Amino acid sequence: MEELAEEIQVKNNLDVVETRRFLKQNLSKQTTPVLITVLGTTIPDAIKIWFINKKIQHFIDRPRQCTKCYSLAHPSRTCDKDNVCFRCSEIHTGPCQGPKKCMNCTGPHNAKLNLCPAYIREKKILELKCQNHITTGEARRMIQSQNMNYSESVKVLPASAELQETVASKFEALIQSVNEKFEGLLQAVNEKLETQTATFVNVLHKTIESIMQKHV
């Protein structure tokens, strides 16, 4: 690992702080990925290692969870709380009999669920931290600011809904008015057509009578 760190520093002009190999089951040590920590906030897309350009990926850590109280806010080594059940978030002995309750979001699921809203939020914080090269605290404040802006937007929704209801009401009244005028116009046309038809029939009847009288 020391030889690798030296090669990376010399060929890529990077200050390597630490190199650490990830060990995975069913993989040999030579094929497992290596985590390289460098000094600075700019990370290249690829590095040169022994005449080979190797594409690299940004490392985004997963949320760390306390194994005593199952909180996502601190590691186990700093936890001063009692051990709790990860299923119901209560302190008890023996099999869990209580309903599921997450101690991070109070939702009806166990605290280890990766779909927990609190867990997903921590993942977003770590992704934001990596993508913007900022501290965890700064990323957390940015997420909180985004949530506050969303909450302010939600507060405006009732006014928007009221406006939509007003527009819909006026549009409905307009449609009704147009329908009434159209019905009135159609009735007038029908009455005029009936009058003209009656006149035509009367004239035709008189004409036929006149013709028959002449032939008689």
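In which sense do β3 and β4 pair, and over how many bridges? The two strands pair in the antiparallel sense, over 4 bridges. This is a predicted model, and the account below should be read with that in mind.

**Confidence**

Across the protein chain the mean pLDDT is 80, and 86% of the residues reach 70 or more. Among the elements of the chain, α2 has the highest mean pLDDT, 89, while α3 has the lowest, 74. Where pLDDT is low, the predicted coordinates should not be read in detail.

**The β3–β4 hairpin**

Strand β3 spans residues 46-49. In a regular strand the side chains alternate between the two faces of the sheet. In β3 the covered face carries Ile-47 and Ile-49, and the uncovered face carries Ala-46 and Lys-48. Ile-49 has Ile-52 of β4 as its bridge partner. The hairpin leaves 2 residues between the strands, and Trp-50 takes a positive phi near 50 degrees there.

**Nonpolar cores**

The residues on the covered face of β3, Ile-47 and Ile-49, also belong to the largest nonpolar core. That core has 8 residues in all, the others being Leu-4, Ala-5, Ile-8, Leu-14, Val-16 and Val-38. Two elements, α1 (2-12) and β3, give two or more residues to this core. Helix α1 supplies the largest share, 3 residues. One of the core residues, Ala-5, touches Val-16 and Thr-19 when residues up to four places away in sequence are not counted.

A second core is separate from this one and has 7 residues, including Tyr-70, Cys-102, Cys-116 and Ala-118.

**Cysteines**

How many disulfides does the model contain? The count is 0. A disulfide is a covalent bond between the sulfur atoms of two cysteines. Cys-79 is in none, and the nearest cysteine sulfur, that of Cys-66, lies 3.7 Å away. This pair is not counted because the cut-off for a disulfide is a sulfur-to-sulfur distance within 2.5 Å. Cys-79 is buried, at a relative accessible area of 10%.

Cys-102 is likewise in no disulfide; the nearest cysteine sulfur is that of Cys-116, 3.7 Å away. Cys-102 counts as buried, with 0% relative accessibility. Both Cys-102 and Cys-116 are members of the second core.

**Salt bridges**

The structure holds 3 salt bridges. Side chains of opposite charge can pair when their charged atoms come close. The pairs are listed here with their N-to-O distances.

| Pair | Distance |
|---|---|
| Asp-61 and Arg-64 | 2.9 Å |
| Arg-121 and Glu-122 | 3.8 Å |
| Glu-122 and Arg-140 | 2.8 Å |

In the pair of Asp-61 and Arg-64, Asp-61 is partly exposed, with a relative accessible area of 27%.

The bridge from Glu-122 to Arg-140 links distant parts of the chain, with the two residues 18 apart. Glu-122 sits in helix α2 (residues 117-132), and Arg-140 sits in helix α3 (residues 136-215). Salt bridges that share partners join Arg-121, Glu-122 and Arg-140 into one network.

Which member of this network is buried, and which are partly exposed? Glu-122 is buried, at a relative accessible area of 11%. Arg-121 is partly exposed at 26%, and Arg-140 is partly exposed at 27%. A reader inspecting the contact between α2 and α3 should recall that α3 has the lowest mean pLDDT among the elements.

**Positive phi in the loop between β4 and α2**

Two residues in the loop between β4 (52-55) and α2 have positive phi, Ser-89 and Thr-106. Neither Ser-89 nor Thr-106 is a glycine. For Ser-89 the value is near 65 degrees, and for Thr-106 about 60 degrees.

Is each of them buried or exposed? Ser-89 counts as buried, at 17% relative accessibility, whereas Thr-106 is exposed, with a relative accessible area of 58%.

How values were computed
Residues numbered from 1 in each chain as written. Heavy atoms only, no water. Buried < 20%, exposed > 50% of the residue type's maximum accessible area, 1.4 Å probe, protein only. Salt bridge = Lys/Arg side-chain N within 4 Å of Asp/Glu carboxyl O. pLDDT = per-residue confidence, 0-100. Pairing = 2+ DSSP bridges. Core = buried A, V, L, I, M, F, W, Y, C linked by side-chain atoms within 4.5 Å. Contact = heavy atoms within 4.5 Å.
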